[in-house]
Amino acid sequence: MHNQTVTISNFDKRVLIEQVRYMEEEHTLTCDVAEVSPDHAAHTEFEDRLWQRARCLVERYDLYSALGRAARLSRYAKTAALIVAALLGVFGVVYAVTDSHTINVYWLLLVLLGFNFISMLLWLIGISLNIESLTAGRLARLASWLPGHLENRTKSSTQADRAWLACNFAHGVGKWSFSTLSHQLWLVYLLFGLAYLVLLLMVRQYDFVWGTTLLSDAAFVRTTEVLSVPLEALGLATPSADQVQDTRIGLDQTLTAEHRNRWAQFLLGALLCFGIVPRTLLWCWSAIKCGYARRHFALDYYLPYYISLRQQLMPLASHG
């Protein structure tokens, strides 16, 4: 904000105006009306005058630090959440590798894709039914919760933080901001899990197994065939029905290099097709909807605060 030549979006301008409004609810800030709306700018709209007035107050009272505090802490919280998601993705792969040379295929898919699929399903239900609690993951909520609950040094910072959070994480903008962040976290979880799995497969030789207590062997064979359809369309090699049977836990059989390669391609392809690609599409859609919501974010001019300012600022339009 120190460099006035930087282009500022209309959403950021409105957030700044709201931050000033919240701060003025604590204590009055004064600004010379003549500085806000000189005669040669009498044709400007009310929101432009509010923006000019907000900049005047920021300069006069040196509010840069207070106004930028919530955004800065939110970035720190988001970074921390992304790091946690990356570590969870790596730990998921480590947990699914049963010992030094064996990977339980469907257990790994359950760890990396199962919870991701449940999350996507709940999110789609939340978006369809407009259920706010289902459109944001816990880590996304944590990333937005921290800035407003850390110890504040001044009341001005407190009010500015509340205004920033209200604009960015409430109503339409908040729904899609939470959604975008939630998809980012899951993408990082999947990508780091995939990257670590690729690293393991590159430097170590693994046998692939699966096991069950309640389900039949035919259920796993059929599941593998269904999951293999899009992978084969992409040109990836997948295990045959006999090869699936041969990899059940308890069978004393050494897998061939081709057998291992087919399972490796199946595992990596499943993570891409059923995890990363759908999540990326949802993330892009949420980002587009978030941008749309930000562009259509509007101030509530029926609040007494704005009504009073309109009476102070707009009569100047009749001068000259």
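Student: Which of the elements of the protein has the lowest mean pLDDT, and which the highest?

Tutor: This is a predicted model, and pLDDT is the predictor's confidence in each residue. Helix α6, residues 138-149, has the lowest mean among the elements, at 52, while α11 has the highest, at 93. Across the protein the average is 82, and 82% of the residues score at least 70.

Student: Where does the pLDDT stay under 50?

Tutor: One such stretch is residues 1-5, for which the model has 7 contacts beyond four places in sequence. Residues 39-43 are also below 50, and that stretch has 6 contacts in the model beyond near neighbours in sequence.

Student: How many helices and strands does the protein have?

Tutor: There are 12 helices and 3 strands. To see how the chain is arranged, look at the sequence separation of contacts. Among contacts between residues at least 6 apart in sequence, 80% join residues at least 24 apart.

Student: What share of the residues is buried?

Tutor: Buried residues account for 45% of the 320 in the protein. On the outside, the accessible surface comes to about 17200 Å², and carbon and sulfur atoms hold 61% of that area.

Student: Which residues have the most contacts inside the largest nonpolar core?

Tutor: They are Ile 17, Leu 50, Leu 67, Trp 164 and Tyr 306, in a core of 40 residues. The elements that contribute two or more residues to this core are α1 (10-26), α3 (46-61), α4 (64-96), α5 (105-129), α7 (155-168), α8 (171-203), α11 and α12 (304-313). Of these, α3 gives the most, with 7 residues. A separate core has 32 residues, among them Ile 103, Leu 108, Leu 113 and Leu 231.

Student: What does Trp 164 touch?

Tutor: Leaving aside residues up to four places away in sequence, Trp 164 touches Val 15, Gln 19, Ala 70, Ala 71, Ser 74 and Phe 169.

Student: Is Ser 286 buried or exposed?

Tutor: The test is relative accessible area, and a residue under 20% is buried. Ser 286 counts as buried because its relative accessibility is 0%. This serine lies in helix α11, residues 257-295. Beyond four places in sequence, Ser 286 touches Trp 123, Trp 176, Ser 179, Thr 180 and His 183.

Student: How many salt bridges does the count come to?

Tutor: The count comes to 8 salt bridges. For each pair, check the distance first and then where the two partners sit. Arg 14 pairs with Glu 47, and their closest N and O atoms are 2.8 Å apart. Arg 14 lies in helix α1 and Glu 47 in helix α3, so this salt bridge ties together parts that are 33 residues apart in sequence.

Student: What else does Arg 14 touch, and is Arg 14 buried or exposed?

Tutor: Besides Glu 47, Arg 14 touches Arg 295, Phe 297 and Leu 299, not counting residues up to four places away in sequence. Arg 14 counts as buried because its relative accessibility is 13%.

Student: Which parts of the chain does the pair Arg 260 and Asp 207 link?

Tutor: Arg 260 and Asp 207 form a salt bridge whose closest N and O atoms are 2.8 Å apart. The pair links distant parts of the chain, with Arg 260 in helix α11 and Asp 207 in strand β3 (residues 207-209), 53 residues apart. Arg 260 counts as buried at 14% relative accessibility, whereas Asp 207 is partly exposed, with a relative accessible area of 21%.

Student: Which residues do salt bridges that share partners join into one network?

Tutor: Glu 18, Arg 21 and Glu 25 are joined in this way. Within that network, the side chains of Arg 21 and Glu 18 meet at 2.8 Å, N to O. These two are separated by about one helical turn because they are 3 residues apart in helix α1. Both Arg 21 and Glu 18 are buried.

Student: Which residues make the nonpolar surface patch of about 740 Å²?

Tutor: The patch is made by Phe 115, Phe 117, Ile 118, Leu 121, Leu 122, Ile 125, Leu 129 and Ile 131. Take Phe 117 as the example: this residue is found in helix α5. Phe 117 is exposed, with a relative accessible area of 51%, and the cut-off for exposed is over 50%.

Note on methods. Residues numbered from 1 in each chain as written. Heavy atoms only, no water. Helix = DSSP H or I, 4+ residues; strand = E, 2+ residues; numbered from the N terminus. Buried < 20%, exposed > 50% of the residue type's maximum accessible area, 1.4 Å probe, protein only. Contact = heavy atoms within 4.5 Å. Core = buried A, V, L, I, M, F, W, Y, C linked by side-chain atoms within 4.5 Å. Areas by Shrake-Rupley, 256 points an atom, 1.4 Å probe, with all protein chains shown as cover. pLDDT = per-residue confidence, 0-100. Salt bridge = Lys/Arg side-chain N within 4 Å of Asp/Glu carboxyl O. Patch = residues over 30% accessible without salt bridge, like charges linked within 9 Å, V, L, I, M, F, W, Y side chains within 5 Å.
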